[in-house]
Amino acid sequence: MPGMVLFGRRWSLASDDLVFPGSFELFLRVLSWIASLTLYLVHRRKLDCPSGALLSTYLVVLLVLLAVIICTVLAMVCVSMRGTICNPGPRKSMAKLLYVRLALFLPEMVWASLGAFWVVKGIQCDKTVVIGIITTVIVRTQTWCPVILQQASPCSTSNRTLSAAAWSLRRSSPTFQGSLSCRSRETEHAAVEGDQHSCHFASILKTTGLQYRDFIHISFHNKVYELPFIVVLDHRKEAVVVAVRGTLSLQDVLTDLSAESENIELDAELQDCVAHKGIAQAARYVYRRLVNDGILSQAFSVAPEYRLVLVGHSLGAGAAALLAIMLRKAYPQVRAYAFSPPRGLLSKSLYEHSKDFIVSLILGMDVIPRLSVTNMEDLKRRLLRVIANCNKPKYKILLHGCWYGLFGGNPDNSPTELDEANQRALTQPLLGEQSLLTRCSPGYSSSDSPLDSPTKYPPLYPPGRIIHLEEESGSGRFGCCSAARYRARWAHEAEFGKILIGPKMLTDHLPDIVNQALDRVVADRTACVSCPGQGGPPTAVA
């Protein structure tokens, strides 16, 4: 970090990136050298055959060549271990070592080609010796490509109201897609849209346990800014439930990535009504379908005394929350439950307004409820600052990270930052090796540093009041929560103001994991929701 300059070009390979690939090659080379030496020492007395002197010379030169290569690779590994990420000075000899290593490919290829020629020509010697020579040639030939790519590549190194919500949770899960028998005939339900073979509808029936008569409308239509959704009747809770699907397709990803802010028009007397553009557009699409196409009117004509409930997961959670805000005036009793919603969704005024009728649920270290443009910029600045102030070589940091990811522990036990006195000398931007080696550049101004540049995007917030499911006991390092226990508590949005880096930051967002955690909390009779940190008791939303 930065990339090395070889053959007049800067590559995406830093001088401290060769510790692990170099160690792997060193391991292979040492094994090859030991095997060749054993072959020579054990069978050298059987080389009194025709061409035996030739084979003996071949093995001796091979041993010497391998020894030189091993010493070169060892030196590369040792040099790559020196310095820190932003201090490549102790590794300045790495380029010369790489030139030497690349130059050694030529005699190695020539010698392997000669060995292949002699074997093909036919040598009348002990079969064991000949087989050993053939094996050596083949093994060395097969190792050329991966070694070359490794060292010269320019590129270096995802109850019934809740049953309806389960569709939005599980629809994007791979396990939801498996082992379901789909009917080949046309759907029997006229309200199903965009499901040619009834596979998706059969999946919903199996997941929710609902009956045909419970469904008012089902849409699998999916384009950019246009999300699939279902409208069902929950007779037990006396609710008309609208469930919006989360991210599953490439079109949904494009909707997610439209992360700039956009003003939304509401009948409510609110100022600064700003929201995530892509999700706001998706919410408007569902709103038009529900209102203009008369879907909600049809539902309430069947059950006029029912109330409106909206649910969704991830992208669907954000769309459901904005949809609840849009429908608030027409349906004052509307409630929305947002599972793992994105943070960068609502402006401050809309966030405060949504607390009365929206509840968000966030699991553990889930990165999406902490994800926004401003938080990504903050993460970039923090990463650059940590890299600039790092006092350990890259390979040690990677080893500590792998150990923590596999076996856990306390990352604070492995400090990686310089003390305050030495941090002032490492505040230049990471533009290249020369800028890192030159501490006082006359053309550099501290105001140009990306570490302190203000963000140009307005801050956005998650919807409603937040229930945070925190893990009380360990459940392994791979995101499995089958043995985990969770505690549910009310949380403030400020607790999700920064992106946390951890082994479960991605798995805690998966719909199956969220569903399992919810089942665990419901099954645990001792689980409770504490009072909010600010204000009085929570408003009933169930």
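These legends go with close-up views of a predicted model.

**View 1. Strand 6 sits between strand 5 and strand 9 as their shared pairing partner.** On one side, strand 5 (residues 229-234) runs antiparallel to strand 6 and is joined to it by 6 bridges. Look for valine 232, whose bridge partner in strand 6 is valine 241. These two strands make a hairpin with 4 residues between them, and glutamate 238 in the turn has a positive phi of about 55 degrees. Strand 9 (residues 307-313) is parallel to strand 6, again with 6 bridges, and here valine 240 stands opposite leucine 308.

**View 2. Strand 6 is covered on both faces.** Ala239, Val241 and Ala243 are buried on one side, and Val240, Val242 and Val244 on the other. That makes 6 of the 6 residues of strand 6 (residues 239-244) buried, so the rest of the structure largely encloses this strand.

**View 3. Two of the 4 aromatic pairs found across the whole structure.** Phenylalanine 7 and tyrosine 99 meet edge-to-face, 5.3 Å centre to centre with 80 degrees between the planes. Phenylalanine 7 is in the loop between strand 1 and strand 2, while tyrosine 99 belongs to helix 3, so this pair ties together parts 92 residues apart in sequence. Phenylalanine 7 counts as exposed at 58% relative accessibility; tyrosine 99, at 36%, is partly exposed. Tyrosine 58 and tryptophan 111 are stacked instead, at 5.5 Å and 10 degrees, and both are buried.

**View 4. Charged ends over aromatic rings.** Arginine 101 puts its charged end over the ring of phenylalanine 105, 4.2 Å from the centre. For lysine 348 over tyrosine 461, that distance is 5.0 Å.

Methods
Residues numbered from 1 in each chain as written. Predicted model: local features only at pLDDT ≥ 70, side-chain atom pairs only at ≥ 80, totals over all residues. Heavy atoms only, no water. Buried < 20%, exposed > 50% of the residue type's maximum accessible area, 1.4 Å probe, protein only. Pairing = 2+ DSSP bridges. Phe/Tyr/Trp six-rings, centres within 6.5 Å; stacked < 30°, edge-to-face > 60°. Lys NZ or Arg CZ within 6 Å of the ring centre and 35° of its normal.
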